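Colleague: I've got a model open and I'd like to learn how to read it. Could you walk me through a few features?

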Amino acid sequence: MASSLDFVEYICEQLSGAGEITYKKMFGEYGIYCNEKIVGVICDNQFFVKKTEAGAAVYPNCEEAAPYTNAKAHFVIDNVDDRQLMAKFISATYNELPIPKPKRKKKQASSTEK
């Protein structure tokens, strides 16, 4: 079952205190980004956040599960109603995650000029 856009937009709105929150459709579900760094995913209308020690310190005893088959365990966030807690949690997670590697540019075929 795919996630609803309404759910995705609600989650993003609740996280907005952490920075620039955006989403991107990925494999039929959604990646959630904070300041252009992926912090979690939404699969089957469930919000999963990447596991970090900083995130665990802010949100202790959080349930863990894999968002999809063969994925690493993530924190499962069932309640995002406390916007201040979510901003603190996502900020802590964001700060611990590495900066994404720059994408390689595809080589363009060179044309010969006459």
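Modeller: Sure, we'll take a helix, a buried polar side chain, the core, some rings and a salt bridge. Keep in mind that this is a predicted model.

Colleague: Let's start with helix α1: which of its residues are buried?

Modeller: The general idea first: an α-helix has 3.6 residues a turn, so residues three or four places apart point the same way. Here, α1 covers residues 5-15, and Val 8, Ile 11, Cys 12, Gln 14 and Leu 15 are its buried ones. Looking down the axis of α1, you find them within an arc of 160°, so they line one face of the helix.

Colleague: And what do the buried residues of α1 pack against?

Modeller: Their partners are the strands β1 (21-26), β2 (29-34), β3 (37-43) and β4, plus helix α3 (83-96).

Colleague: Gln 14 caught my eye in that list. What lies 2.9 Å from a polar atom of its side chain?

Modeller: With a buried polar side chain, look for a partner. Gln 14 has a relative accessible area of 6%, and the backbone oxygen of Val 80 sits 2.9 Å from a polar atom of its side chain. Setting aside neighbours within four places in sequence, Gln 14 is in contact with Val 80, Asp 81, Arg 83 and Met 86.

Colleague: Now the core. Which residues of the largest nonpolar core touch the most other members?

Modeller: That core has 23 residues, and the ones you want are Leu 15, Ile 21, Ile 32, Phe 47, Ile 77, Phe 89 and Ile 90. At least two core residues come from each of α1, β2, β3, β4, β6 (74-77) and α3. Take Ile 77: beyond residues up to four places away, its contacts include Phe 47, Tyr 59 and Phe 89.

Colleague: How are the rings of Tyr 59 and Phe 89 arranged?

Modeller: For rings, check the distance between centres and the angle between planes. The centres of Tyr 59 and Phe 89 are 5.2 Å apart with the planes at 65°, so this is an edge-to-face pair. Tyr 59 is in the loop between α2 and β5 while Phe 89 is in helix α3, so the pair ties together parts 30 residues apart in sequence. Phe 89 is buried at 0% relative accessible area, and ring pairs link Tyr 59, Phe 75 and Phe 89 into a cluster.

Colleague: Last one: how many salt bridges does the structure hold?

Modeller: Just 1. For a salt bridge, ask which parts of the chain are joined. The side chains of Glu 64 and Lys 51 meet at 2.9 Å, N to O. Glu 64 belongs to strand β5 (residues 64-65) and Lys 51 to the loop between β4 (46-50) and α2 (53-58), so the pair ties together parts 13 residues apart in sequence. Glu 64 is partly exposed, at 40%, and Lys 51 is partly exposed, at 40%.

Terms used
Residues are numbered from 1 along each chain as its sequence is written. This is a predicted model: local features need pLDDT of at least 70, side-chain atom pairs count only at pLDDT 80 or more; totals for chains, interfaces and linings use all residues. Side-chain values use heavy atoms; hydrogens and water are left out. A salt bridge is a side-chain nitrogen of Lys or Arg within 4 Å of a carboxyl oxygen of Asp or Glu. Helices (H or I, at least four residues) and strands (E, at least two) are DSSP runs, numbered from the N terminus. Buried means under 20% relative accessible area, exposed over 50%, partly exposed in between (1.4 Å probe, protein chains only). The arc is that of the directions from the helix axis to the C-beta atoms. Contact means heavy atoms within 4.5 Å. A polar contact is a pair of N or O atoms within 3.5 Å; within protein, one must be able to donate a hydrogen and the other to accept it, and residues adjacent in sequence count only if both atoms are side-chain atoms. A nonpolar core is a set of buried Ala, Val, Leu, Ile, Met, Phe, Trp, Tyr and Cys residues joined through side-chain atoms within 4.5 Å. Rings of Phe, Tyr and Trp (its six-membered ring) pair if their centres lie within 6.5 Å; planes under 30 degrees apart count as stacked, over 60 as edge-to-face and the rest as tilted.
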